[in-house]
Amino acid sequence: MKQNITIEDLNSLTFSQKQTLNSYWLPEKYDQVVASVCTDVENDVYENIEFVVGEVILSHGTTLTLKRLRMVDDIVVDEEPSEDEQVSSDDDFYDCAFDAGDFFLKESCMPLLNIGQLIDLIRKTKAGQDGFNLDIPPVNGFEAEQGYRISDRFGEVDRADELVDLLFKILKEQL
């Protein structure tokens, strides 16, 4: 079962839809995110970098910066601390071992939303104002072949084989 939307899903959005989604999204620690980073200024080439948010930093009152969560194996330390540079804890040591590629402005990032985040955003849109019903089929049987369904007060709205795809399609129509 697919747990998150993908970069391909995000690429299906228009520029305006991406801006709207970014404005609805309030990043939190452990969110999965993709950042668009310029790798060649002359040729206007961008690369997508997927990462997990380790920290959300608010600066100047309005600017959100996302710090990439790094695994201990990802951190390369050039030299061992000397005896004079005693480190109080492992966390302090690893917080000091970062590079500029660990920080991204929220505006240059897009969330790879999970099922819960999609439901939460749909509830905040016009489509979710009156509530909606989500039908989850059993594992086996005739109903399992029909897939996931969303209904509002007027009846069935849509269906899909993957729950994430169904929820993203509904959200996409509201952006």
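**Exercise 1. Read along the sequence and write down the order of helices and strands in the protein chain.**

Solution. Walk from one end to the other and you get α-α-β-β-β-α-β-β-α-β-α-β-β-α. Keep in mind that you're looking at a predicted model. Now tally the symbols: the protein chain has 6 helices and 8 strands.

**Exercise 2. Work out the strand order of the open sheet of 3 strands, and find its edges.**

Solution. Start with the order, which is β6-β7-β8. The pairing here is antiparallel. As a reminder, strands of a sheet pair through backbone hydrogen bonds, either parallel or antiparallel. Next, look for strands that pair on one side only: these are β6 (133-135) and β8 (155-160), the edge strands. Going from one strand to the next, the twist averages 20°.

**Exercise 3. Zoom in on β7 and β8: how many bridges join them, and which residue of β8 does Y148 stand opposite?**

Solution. First locate β7, at residues 148-152. Then count its bridges to β8: there are 5, in the antiparallel sense. For the last step, take Y148 and look across to β8, where A160 stands opposite.

**Exercise 4. Describe burial, exposed surface and contacts for the whole protein chain.**

Solution. Begin with burial, taking under 20% relative accessible area as the cut-off. Of the 175 residues, 30% are buried. Then take the surface: the chain exposes about 11,600 Å², with carbon and sulfur atoms supplying 47% of that. Finish with contacts between residues at least 6 apart in sequence: 52% of them join residues at least 24 apart.

Definitions and conventions
Residues numbered from 1 in each chain as written. Predicted model: local features only at pLDDT ≥ 70, side-chain atom pairs only at ≥ 80, totals over all residues. Heavy atoms only, no water. Helix = DSSP H or I, 4+ residues; strand = E, 2+ residues; numbered from the N terminus. Buried < 20%, exposed > 50% of the residue type's maximum accessible area, 1.4 Å probe, protein only. Contact = heavy atoms within 4.5 Å. Areas by Shrake-Rupley, 256 points an atom, 1.4 Å probe, with all protein chains shown as cover. Pairing = 2+ DSSP bridges. Axes fitted to C-alpha atoms, helices over the stretch in contact; angles between N-to-C directions.
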